[in-house]
Amino acid sequence: MKKLLTFFATVFASSALTVQAAGWPDNYSGVMLQAFYWDSYNDTQWTNLTSKADELSKYYNLVWVPQSGYCNSLTNQMGYADIWWFDQKSAFGTASELKNMISTFKSKGIGTIADVVINHKNGNTNWCDFPTETWAGHGTMTWSLADICNNDDNGKTKAAGYNVTGANDTGIDFNGCRDLDHTSANVQKNVKLYLHFLLEEMGYSGFRYDMTGGYDPKYTKLYNEDAKPTYSVGEYWMSDGLAGLQKWINNTGKTSAAFDFQLKWLINNAFNNDSWNLLKSYTTQSLIGSGYSQYAVTFTDNHDTNRDGSQMLKKNIEAANAYILTMPGTPCVFLSHWKSYKKPIEKMILARKIAGVTNTSPVVSSTGETNGYSVVVKGTKGNILLCLGTTTANTTGYQLAVEGENYKMYVSNGLDITSIKDVDKQADDAVTLPSCAKPVTDAKYYAYFEKPSNWPSTINVWAWDGSVNVYSTWPGSSADVTVAGKNEKNGNTVYLWKYNGSKTVSKIIFNGGSDANKTADFEFKNGNYYTISGLYGNVNSSTTGIERVSTQSQTEPSKVWYTISGIRLNGEPTQRGIYIHNGKKLVIR
């Protein structure tokens with residue numbers, strides 16, 4: 001009897017391990033947000049993301065954030081040259097702010113995905129002196145030159161005088177940091193301790209493994225079977241195509257999903273060139289079409305494929321997001337796209353959830369035409385029909401959920417799409433611009449820019465019409481830039497740029513005189529007010545000065561108050577008229 005009980009206990013433990021290290025849940029209906037882009041230090045501040053928890057929870061189930069360990073700098077450091085693993089302060093905020101964000105997200109039903117950089121590591125004061133660290137009550141990690149690959153940096157590390165004695169690299173070499181030798185028992189011990197720390201101390205729900213082509217996938221299997229994350233996805237960005245992605249997933253023992261880079265390349269080709277019928281080949285070119293959709297995390301762009309002004313996906317971005325939010329796999333929306341196409345993407349996510357589409361939902365039909373493409377995906381509650389370009393798809397039995405340039409997304413008749421319609425009724429976030437940001441009448445073109453506190457005091461502008469530069473040499477000119485005043489809320493200096501030349505302006509970059517301090521490429525519109533995160537408002541057309549200060553029921557107008565240019569009003573100022581309160585008058589024409 002004892003032997004029998006032991007047998008059953010062993011079987012049960014083995015079964016539990018298989019379930020807990022499944023890589024990515026089957027029939028998973030969640031959507032993930034990549035909550036950063038390269039140099040997104042303002043947008044991705046932990047406190048900023050925490051403040052958006054209620055909003056994000058309406059659409060996203062997972063939020064992926066950058067590597068959060070200390071890299072010996074609290075500015076201009078994205079975390080991918082990692083140094084400290086237990087010290088969790090970073091350019092995005094303090095450790096306590098990070099833990100608060102993760103716990104707040106968790107209370108709203110959002111899991112946070114940690115970016116795990118274990119292919120390589122940086123030294124603290126030189127190439128190889130990895131710091132000793134202790135997780136109180138759990139263990140200490142120490143390192144030696146035996147933990148670094150023998151052939152690191154193609155032999156440059158050894159040639160520089162560091163007698164590294166680890167085994168040869170089990171993957172591709174990474175030039176710039178030290179490649180960890182994952183055959184080392186000490187490296188394995190340290191990585192396991194680190195992963196448990198992320199899950200148990202910090203509260204993360206799972207991992208995004210960076211640069212997994214740099215070491216054998218069997219080590220991902222080893223680490224996942226030990227840590228048992230609910231979610232694991234690897235960045236396997238290699239040149240061996242779909243077969244390579246499938247092999248990587250298989251060799252992790254299917255303890256990890258992978259980003260569907262093959263689908264990404266297909267999306268680039270189809271959407272950049274309006275070549276919709278190329279999407280028919282998803283069945284032979286992607287994870288989602290080859291029986292691996294459970295282990296596929298789909299995306300249109302990420303921090304590497306859209307970086308430093310160079311973006312792989314250049315056209316039909318909104319339509320491309322409609323595509324990944326229709327298809328099986330787990331969609332990962334890129335923060336830059338979320339900011340630029342917020343309401344359409346909200347509708348797409350809601351349509352997906354209303355139809356009950358999951359990562360393993362079957363594709364019912366896929367039809368490519370000369371100028372279009374249509375696909376039907378079967379959800380647990382109904383179907384989604386997506387039409388791209390110009391198609392002859394039969395929409396009988398469907399209702400339109402969301403549409404935009406070159407796409408229409410439908411869901412089955414009978415499904416309640418009230419929540420989708422309500423997205424258009426939602427007021428945009430109230431915008432209160434600093435008092436120094438006012439309309440300008442003495443310039444052909446003008447814009448405001450709120451300088452980050454750590455930037456130089458001289459601000460340059462680089463403006464162009466999409467192809468011809470207004471200013472001849474980078475970084476542009478500061479001659480047309482003056483200080484307009486201060487933002488009363490945070491004390492940041494606000495600059496005004498004015499231009500009366502003959503050239504047309506459609507794009508603009510603000511910078512502090514170097515590549516280290518510059519914004520992304522912004523779309524230009526007269527009177528726009530920009531921060532480093534992007535467009536904040538427009539002095540000519542925004543709802544500047546209108547701020548809702550109570551969310552009491554509309555049936556009690558006396559308790560619904562707005563502040564408009566310093567005048568408090570009762571009732572909803574949505575129509576023309578004269579509003580009076582305490583002897584003050586506001587005329588809305």
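The following legends describe close-up views of a predicted model. In this predicted model, local features need pLDDT of at least 70 and side-chain atom pairs count only at pLDDT 80 or more, while totals for chains, interfaces and linings use all residues. Residues are numbered from 1 along each chain as its sequence is written, and side-chain values use heavy atoms, with hydrogens and water left out.

**View A. Strand β14 and its two parallel partners.** Helices (H or I, at least four residues) and strands (E, at least two) are DSSP runs, numbered from the N terminus. Five of the five residues of strand β14 (residues 330-334) are buried, so the strand is largely enclosed by the rest of the structure. Buried means under 20% relative accessible area, exposed over 50%, and partly exposed in between (1.4 Å probe, protein chains only). Thr330, Cys332 and Phe334 lie on one side of β14, Pro331 and Val333 on the other, and both faces are covered. Two strands pair if DSSP finds at least two bridges between them. Strand β1 (residues 32-34) runs parallel to β14 and is joined to β14 by three bridges, with leucine 33 as the bridge partner of valine 333. Strand β11 (residues 296-299) is also parallel to β14 and joined by three bridges; here threonine 298 stands opposite proline 331.

**View B. Helix α8 and its surroundings.** The buried residues of helix α8 (residues 241-251) include Gly241, Leu242, Gly244, Leu245, Gln246, Trp248 and Ile249. Among the elements that cover them are α7 (217-227), β9 (231-234), β10 (257-259), α9 (261-272) and α10 (282-285); contact means heavy atoms within 4.5 Å. Glycine 253, just after α8, takes a positive phi of about 70 degrees.

**View C. The largest nonpolar core.** A nonpolar core is a set of buried Ala, Val, Leu, Ile, Met, Phe, Trp, Tyr and Cys residues joined through side-chain atoms within 4.5 Å. The largest has 123 residues, and Tyr60, Leu195, Phe271, Tyr323 and Leu388 have the most contacts inside it. Helix α6 (residues 185-202) gives the most to this core, with nine residues. Apart from this core lies another, of 23 residues, among them Val461, Ala463, Val470 and Ile509.

**View D. Phenylalanine 197 in helix α6.** Phenylalanine 197 counts as buried, at 5% relative accessibility. Not counting residues up to four places away in sequence, phenylalanine 197 touches Trp85, Phe86, Gln88, Trp135 and Met202. Phenylalanine 86 is 111 residues from phenylalanine 197 in sequence, yet their C-alpha atoms are 7.6 Å apart in space.

**View E. Salt bridges between distant parts of the chain.** A salt bridge is a side-chain nitrogen of Lys or Arg within 4 Å of a carboxyl oxygen of Asp or Glu; by this rule the count comes to 17. Lysine 108 and aspartate 54 meet in one of them (2.8 Å, N to O). Lysine 108 lies in the loop between α4 (95-107) and β3 (111-116), and aspartate 54 in helix α3 (residues 53-57), 54 residues apart. Aspartate 442 forms a salt bridge with lysine 498, the closest N and O atoms being 2.9 Å apart. Aspartate 442 lies in the loop between α14 (418-425) and β20 (445-450) and lysine 498 in strand β23 (residues 493-499), so the pair ties together parts that are 56 residues apart in sequence. Asp115, Arg208, Asp210 and Glu235 are linked in a network of salt bridges.
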